[in-house]
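Got the viewer open? Let's walk through this one selection at a time.

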Amino acid sequence: MEHLLRLGNLYHEAGDYSRAAQMYERDIETGDPFGYQNLRALREECGDVSGATELYRVGASLGDPMAAQSYERLRTDR
């Protein structure tokens, strides 16, 4: 649902990362792949490299080329 993604982005811009993550997770539940991308980036931004790496790995396995690039970047940075 596009409104969940937008709401997550608004929370993110306001600095409410917990609520942003909740909205992205709800968006993922609807089957929207953009929710994954935003949640991955948010986790990485907040310092949860392990969580972001796992989400990037999942995205890469589902054929997301941006996730694959980010997964390789994080793997080689460790």
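Start by selecting Leu5 and showing what surrounds it: leaving out residues up to four places away in sequence, Leu5 touches Tyr24, Asp27, Asp32, Phe34, Gly35 and Asn38. Keep in mind that you're looking at a predicted model.

Now light up the largest nonpolar core, which has 8 residues: Leu5 again, plus Ala20, Ala21, Tyr24, Ile28, Leu39, Leu42 and Leu55. Helix 2 and helix 3 are the elements that give two or more residues to this core, and helix 2 supplies the largest share, with 4 residues. Apart from this core there's another, of 5 residues, including Ala52, Tyr56, Tyr71 and Leu74.

Next, select residues 2-13, which make up helix 1. Its 12 residues reach 17 Å from first C-alpha to last, close to the 16 Å expected. Colour Leu4, Leu5 and Gly8, which are buried. Look down the axis of helix 1: the buried residues fall within an arc of 100°, so they line one face. Those buried residues pack against helix 2 (17-29) and helix 3. Spin the view to the face turned away from that buried side, and you'll find the exposed residues Glu2, Arg6, Leu10 and Glu13. Just along the chain, helix 1 is followed by Gly15, with a positive phi near 85°.

Last stop: Gln37, in helix 3 (residues 33-45). Is Gln37 buried or exposed? Its relative accessibility is 17%, and the cut-off for buried is under 20%, so Gln37 counts as buried. Show its contacts too: not counting residues up to four places away in sequence, Gln37 touches Asp64 and Met66.

How values were computed. Residues are numbered from 1 along each chain as its sequence is written. This is a predicted model: local features need pLDDT of at least 70, side-chain atom pairs count only at pLDDT 80 or more; totals for chains, interfaces and linings use all residues. Side-chain values use heavy atoms; hydrogens and water are left out. Buried means under 20% relative accessible area, exposed over 50%, partly exposed in between (1.4 Å probe, protein chains only). Contact means heavy atoms within 4.5 Å. The expected span of a helix is 1.5 Å times one less than its number of residues. The arc is that of the directions from the helix axis to the C-beta atoms. A nonpolar core is a set of buried Ala, Val, Leu, Ile, Met, Phe, Trp, Tyr and Cys residues joined through side-chain atoms within 4.5 Å.
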